[in-house]
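Dear colleague,

I am passing on the structure we talked about, with the sequence alongside. Please look through both before reading my notes below.

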Amino acid sequence: MTAPDRWLVLTARSPSDEQLGLLADGLLALGGLSVIEEGEYLTTYLPPPAEELDDFIAGAELFLTDWLMEDLAPELTWRWQDAEDWEREWKRGLAPRRVTD
């Protein structure tokens, strides 16, 4: 499988602290590769969906609402992230450094 040219970055606001773990599991079940927790917000990176983006987001809201067994859908936001060679990028900051005379 080749990496996509861009990733769908999906962020969900958890309805409560108690729901964070369950919401993270739901994002992984949607196809996320990992989940980043930033306070009450969870973010995952997904390959571009096969269907129309609006349809995918609406389906994700329904799926996560059912997953959490809540009456209200979690607040979702999304954006596109261009694919980057992270293996190469993290090395950019590595270089010999003088720490003492």
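**Notes on the fold**

In β3, Y41 is the bridge partner of R13. Please keep in mind throughout that the model is predicted, and that everything reported here was computed from it.

The pairing of R13 with Y41 belongs to a wider arrangement, since β1 and β3 pair in the antiparallel sense over six bridges. β1 is also joined to strand β4, residues 75-82, by eight bridges, and these two strands likewise run antiparallel. Within that second pairing, L8 stands opposite W80 in β4. As for the surroundings of β1, six of its eight residues are buried, that is, under 20% relative accessible area, so the strand is largely enclosed by the rest of the structure.

Turning to the helices, α1 and α2 pack with their axes 10 Å apart and at an angle of about 140°. That angle does not exceed the 145 degrees above which a pair would count as roughly antiparallel, and the two helices are therefore oblique to each other. The crossing in which α1 passes α2 is right-handed. On the α1 side the residues that meet α2 are L22, L23, D25, G26, L27 and A29, and their counterparts in α2 are F63, L64, W67 and L68.

Which residues have the most contacts inside the largest nonpolar core? They are L10, L23, L27, L30, L42, L64 and L76, in a core that has 17 residues. At least two residues of this core are supplied by each of β1 (6-13), α1 (20-29), β3 (41-46) and α2 (53-68), and α2 gives the most, with six residues. L23, L27 and L64, which are among the residues with the most contacts in the core, also appear where α1 meets α2. L76, another residue of that list, is in contact with L10, T11, A12, I57, A60, E61 and L64, once its neighbours within four places in sequence are left aside.

Finally, a word on T100, which is placed in the segment after α3 (86-89). Is T100 buried or exposed? T100 has a relative accessible area of 60%, and because exposed means over 50%, T100 counts as exposed. The C-alpha atoms of T100 and G32 are separated by 44 Å, the two residues being 68 residues apart along the chain.

With best wishes

Note on methods:
Residues are numbered from 1 along each chain as its sequence is written. This is a predicted model: local features need pLDDT of at least 70, side-chain atom pairs count only at pLDDT 80 or more; totals for chains, interfaces and linings use all residues. Side-chain values use heavy atoms; hydrogens and water are left out. Helices (H or I, at least four residues) and strands (E, at least two) are DSSP runs, numbered from the N terminus. Buried means under 20% relative accessible area, exposed over 50%, partly exposed in between (1.4 Å probe, protein chains only). A nonpolar core is a set of buried Ala, Val, Leu, Ile, Met, Phe, Trp, Tyr and Cys residues joined through side-chain atoms within 4.5 Å. Contact means heavy atoms within 4.5 Å. Two strands pair if DSSP finds at least two bridges between them. Axes are lines fitted to C-alpha atoms, for helices over the stretch in contact, and angles run from 0 to 180 degrees between N-to-C directions. Angles under 35 degrees count as roughly parallel, over 145 as roughly antiparallel, 65 to 115 as roughly perpendicular and the rest as oblique. A crossing is left-handed if the near helix is turned anticlockwise from the far one by less than a right angle, and right-handed if clockwise.
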